[in-house]
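Please find below my notes on this model, set out as numbered points. They take the pairing of the chains before the two DNA strands.

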Number of protein chains: 2
Amino acid sequence: MDNNIAALDSVFHALADPTRRAVVQQLARGPASVSELARPFDMALPSFLKHIGVLEASGLIGSEKSGRVRTCRLKRRRLAAAERWFEEQRALWAGRYDNLDNLLETLNGGENES
Amino acid sequence: MDNNIAALDSVFHALADPTRRAVVQQLARGPASVSELARPFDMALPSFLKHIGVLEASGLIGSEKSGRVRTCRLKRRRLAAAERWFEEQRALWAGRYDNLDNLLETLNGGENES
DNA sequence: AATATTGTTATCCATACGACTAAGTATAAA
DNA sequence: TTTATACTTAGTCGTATGGATAACAATATT
């Protein structure tokens with residue numbers, strides 16, 4: 001039931017950058033080499049490689065080198081773990097019956113502010 | 001259909017810290033004052049207030065001051081937006097029919113590695 | 001064998017982050 | 001009216017982050 005706090009730290013930190021989220025998004029479509037992944041970005045390769053390093057350190061992606069090309073692929077475990085964190089917060093919220101907002105919401109299944 | 005990139009940046013960055021996630025978690029149970037929220041943490045108040053500031057800047061929480069006490073409450077919008085990002089990635093992944101892992105998964109609905 | 005591709009390592013740099021202390025403000029309690 | 005409470009502001013400090021260049025290594029291509 002532990003959320004592996006340090007892991008969530010590194011996963012959310014990894015996702016807090018648009019370049020890295022775009023890489024995850026691309027890898028969700030399938031594996032790709034470093035240079036393929038880097039192509040859309042106006043950034044020096046070593047800079048980009050750092051992003052790959054952050055993603056790999058967070059466990060969000062994995063990679064293996066064959067010949068001179070390193071192929072990256074998404075690892076869904078950590079992504080799923082992070083998603084689960086949100087579900088837990090929703091569960092906590094759902095457990096609240098001390099405010100009108102929530103009462104109204106549970107009555108009609110609607111969404112509302114705050 | 002835009003994910004509001006900058007907003008996701010700040011939301012994920014806000015969530016990349018255990019103190020801030022704990023605050024969100026507490027606020028999911030209901031509103032609380034700054035000092036109530038700060039109590040569990042071994043941290044100087046000004047340091048803690050910075051975390052509150054980061055959370056508020058990200059839009060994850062809101063606050064209002066009445067008398068000398070500032071009351072914070074969770075705002076679910078951004079939390080929901082972040083959660084949606086994960087769903088989008090899963091949708092992309094689900095759209096893949098180019099690998100055996102995924103084929104097997106769609107056949108039997110099971111979970112597997114990477 | 002020479003050249004091009006693909007990644008890697010080593011530095012460097014400016015800015016942002018997360019923690020602190022010290023000192024101040026505003027409101028409530030005694 | 002003094003004192004305690006609940007923040008708030010300002011400024012410091014060490015480390016991490018995200019970008020860059022330069023130089024290197026390893027593998028394909030020609």
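1. Chain A superposes on chain B after a rotation of 180° with 0.0 Å of shift along its axis, at an RMSD of 0.1 Å (least squares on the C-alpha atoms of residues with pLDDT of at least 70 in both copies). The two copies are therefore related as by a two-fold rotation axis. Both copies use the same surface, since 100% of the contact residues of chain A recur in chain B (contact means heavy atoms within 4.5 Å).

2. The model is predicted: local features need pLDDT of at least 70 and side-chain atom pairs count only at pLDDT 80 or more, while totals for chains, interfaces and linings use all residues. Residues are numbered from 1 along each chain as its sequence is written, chains are lettered from A and ligands numbered from 1 in the order in which they are written, and side-chain values use heavy atoms, leaving out hydrogens and water.

3. The contact between the chains takes 37 residues from chain A and 37 residues from chain B. Together they bury about 3,600 Å², with 58% of it on carbon and sulfur atoms (the accessible area, 1.4 Å probe, that two parts lose on being put together, summed over both). Arg21(A), Arg76(A) and Phe86(A) supply 20% of the area that chain A buries against chain B, more than any other three residues.

4. Four salt bridges are counted between chain A and chain B (a side-chain nitrogen of Lys or Arg within 4 Å of a carboxyl oxygen of Asp or Glu). One joins the side chains of Arg90(A) and Glu83(B), at 2.8 Å from N to O. Six residue pairs, both members at pLDDT 80 or more, are in polar contact between the chains (N or O atoms within 3.5 Å; within protein, one must be able to donate a hydrogen and the other to accept it, and residues adjacent in sequence count only if both atoms are side-chain atoms).

5. On the side of chain A that touches chain B, α1 (5–15), α2 (18–28) and α5 (76–94) each supply at least two residues (helices are DSSP runs of H or I, at least four residues, and strands are runs of E, at least two, numbered from the N terminus). α5(A) gives the most, with twelve residues. By class, this side has 16 nonpolar, six polar and 15 charged residues (Ala, Val, Leu, Ile, Met, Phe, Trp, Tyr, Cys and Pro count as nonpolar, Asp, Glu, Lys and Arg as charged, and the others, Gly among them, as polar).

6. Which residues come nearest to DNA strand D? Of the 20 around it, they are Lys50(A), His51(A), Gly67(A), Ser35(B) and Arg68(B) (near means a heavy atom within 4 Å). A polar side-chain atom of Ser35(B) lies 2.4 Å from a phosphate oxygen of the strand, whereas one of Arg68(B) lies 2.7 Å from a base oxygen. α4(A) gives the most to this surface, with four residues.

7. Around DNA strand C there are also 20 residues, with Ser35(A), Arg68(A), Ser47(B), Lys50(B) and His51(B) nearest. Sugar or phosphate holds 66% of the strand's atoms within 4 Å of the protein, and bases hold the rest. The side chain of Ser35(A) has an N or O atom 2.4 Å from a phosphate oxygen of strand C; for Arg70(A) the distance to a phosphate oxygen is 2.7 Å. α4(B) gives the most to the surface near strand C, with four residues.
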